[in-house]
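Dear colleague,

Please find below the structure that I am handing over to you. My findings follow directly after it, and I would be grateful if you could read them with the model open.

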Amino acid sequence: MEVGTVVLVFFALALGLAVGWIAGARRAPGSSTVVEHTRQELGQVREALATATARAELLAQENDQLLDRSRADANILQALAPLAKQLDAVSGHIEQIRERSAAQHSQIVTQLQRDAELGVELNRTTSALNAALRSSSARGNWGEVQLRRIVEAAGMLEHVDFVTQTSVTDSSGKVSRPDLTISLPDGGKIAVDAKVPLDSFLRAQEESSGQSDHLAAHAKAVRGHVQELIKRDYPANFPGSPRLTVMYLPSEALLSTAITADPTLLEWALQAGVVPASPTSFLALLRTVAAVWSSAATATEARDIAQLGNTLVERIAVVVGHLNQLGGALGNSVKHYNAAVGSLENRLLVTARSFSAIPADPGSAKPIASDQAQLRQFSAVEFTDHSSNGTAASDCVG
């Protein structure tokens, strides 16, 4: 039941009660005043009823509007239900992304902290390395370690293809010691020096101002070291060796910056018999020497094999000669044996038979069968050609 209907019923009952009460009041004595008062109240009740009726109608209209709006909202909610589900799924995905982002952010922060620690350690190590490179002994050890690694990478064997820290004495009695001595197959040697100056180059890398001046000083120091190697004259201590000394620079930049600052440095050093070599060019040189060693070993093995072949051919020729002599001796023996048997049967026994008084039978010698008396001769061409004095046997062996 609607609200307006309920209100109307309520006011109708109230009005009926009021009318019944008024009718009873008229019948009572002295009730005119009461009736008048009742009429006034009844008018008020009617006005209130009219007001209540209007309000009930308004409430009914508002209720209908609310019902319509509720139905529309229900339809809208029903239409938006799939969208709500999608929004829930998107919200869950966003929450997962937020959680992953938080985890990744934590990992990034941890990695940045590690990078910072590594940067501090790298700076500390770089400072220690910089200080070490400024020490001549440390630079020498660094150069020797690099030399050893490069010669091992080139496939060369220690104490066979190269020797480190070999002391040599020149004609004036001065003792010098190259960092590395490369051995050549013919007994020659190539000296390698790795004591290159680095101070000016390191200052050029550390200081941006005046860098060109430091690089020029580096080129000048390299030229001075070349001049020092010329004075030492390592090749003079190795007779029969190439007039060549290798100046090893343990970094490509050391050579390239020096040549850039002093373009005539390389040509001048080569003309003086000093070869400035970076790790790449030095490795190429060592592999060339290793290839020469391999070729020399192959040639030596070939000579040994040829010598063994000649010895074998000579010995085969001697054995063939002995066999020929043995065959000739056996042939003569068979010939003499057959002659003795023929003489025995044809001459000696004929004479012996004249002595008829001799009762004893001397017997008969058995001749050697013809197939057994034949000696097997060499039929191979390699053993029948005696004019070449063993050359045919050599061809057979070869």
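Strands β5 and β6 run parallel and are joined by 3 bridges. The model is a predicted one, and the pairing described here is read from its coordinates. Within this pair, D193 has M247 in β6 as its bridge partner. On its other pairing, β6 meets strand β7 (residues 274-277), again in the parallel sense, over 4 bridges. There V246 stands opposite V275 in β7. Is β6 covered on both faces? To put it precisely, which residues of β6 are buried on each side? T245 and M247 are buried on one side, and V246 and Y248 are buried on the other.Strand β5 (residues 189-193) also pairs with β4, in an antiparallel manner and through 4 bridges. In this pairing S183 of β4 stands opposite K189. Strand β4 (residues 180-183) is likewise covered on both faces, with L180 and I182 buried on one side and T181 and S183 buried on the other.

The two strands β4 and β5 form a hairpin with 5 residues between them. G187 lies in that turn and has a positive phi of about 95 degrees. Because its relative accessible area is 53%, over the 50% cut-off, G187 counts as exposed. Its C-alpha atom is 9.0 Å from that of F238, although the two residues are 51 positions apart in sequence.

A second positive phi deserves your attention. Most residues other than glycine have a negative phi. D233, which is not a glycine, has a phi near 50 degrees. This residue is found in the loop between α5 and β6 (245-248). With a relative accessibility of 25%, D233 counts as partly exposed.

Turning to the interior, the largest nonpolar core has 19 residues, and M247, L249 and L254 touch the most other members. Helices α4 (199-206), α5 (211-232), α6 (252-261) and α7 (265-271) are the elements that give two or more residues to this core. The largest contribution comes from α5, with 4 residues. Which residues does L254 contact, leaving aside its neighbours within four places in sequence? They are V196, L198, F201, H218 and L249. A second, separate core has 18 residues, including V151, I190, V246 and L286.

L286 also appears among the buried residues of helix α8, together with P279, F282, V289, A290, V313, V320, V334, V341 and L349. This helix covers residues 279-352, 74 in number. At 1.5 Å a residue it should span 110 Å, and the 106 Å between its end C-alpha atoms therefore agrees with that expectation. The helix bends by about 40 degrees at L344.

For the chain as a whole, there are 11 helices and 7 strands. Of its 398 residues, 22% count as buried. The chain exposes about 26800 Å², of which carbon and sulfur atoms supply 58%. Among contacts with a separation of 6 or more, 64% are between residues 24 or more positions apart.

With kind regards

Key. Residues are numbered from 1 along each chain as its sequence is written. This is a predicted model: local features need pLDDT of at least 70, side-chain atom pairs count only at pLDDT 80 or more; totals for chains, interfaces and linings use all residues. Side-chain values use heavy atoms; hydrogens and water are left out. Buried means under 20% relative accessible area, exposed over 50%, partly exposed in between (1.4 Å probe, protein chains only). Contact means heavy atoms within 4.5 Å. Accessible areas come from the Shrake-Rupley method with a 1.4 Å probe; for residues, only the protein chains shown count as cover. A nonpolar core is a set of buried Ala, Val, Leu, Ile, Met, Phe, Trp, Tyr and Cys residues joined through side-chain atoms within 4.5 Å. The expected span of a helix is 1.5 Å times one less than its number of residues. The bend at a residue is the angle between axes fitted to the seven residues ending there and the seven starting there. Two strands pair if DSSP finds at least two bridges between them.
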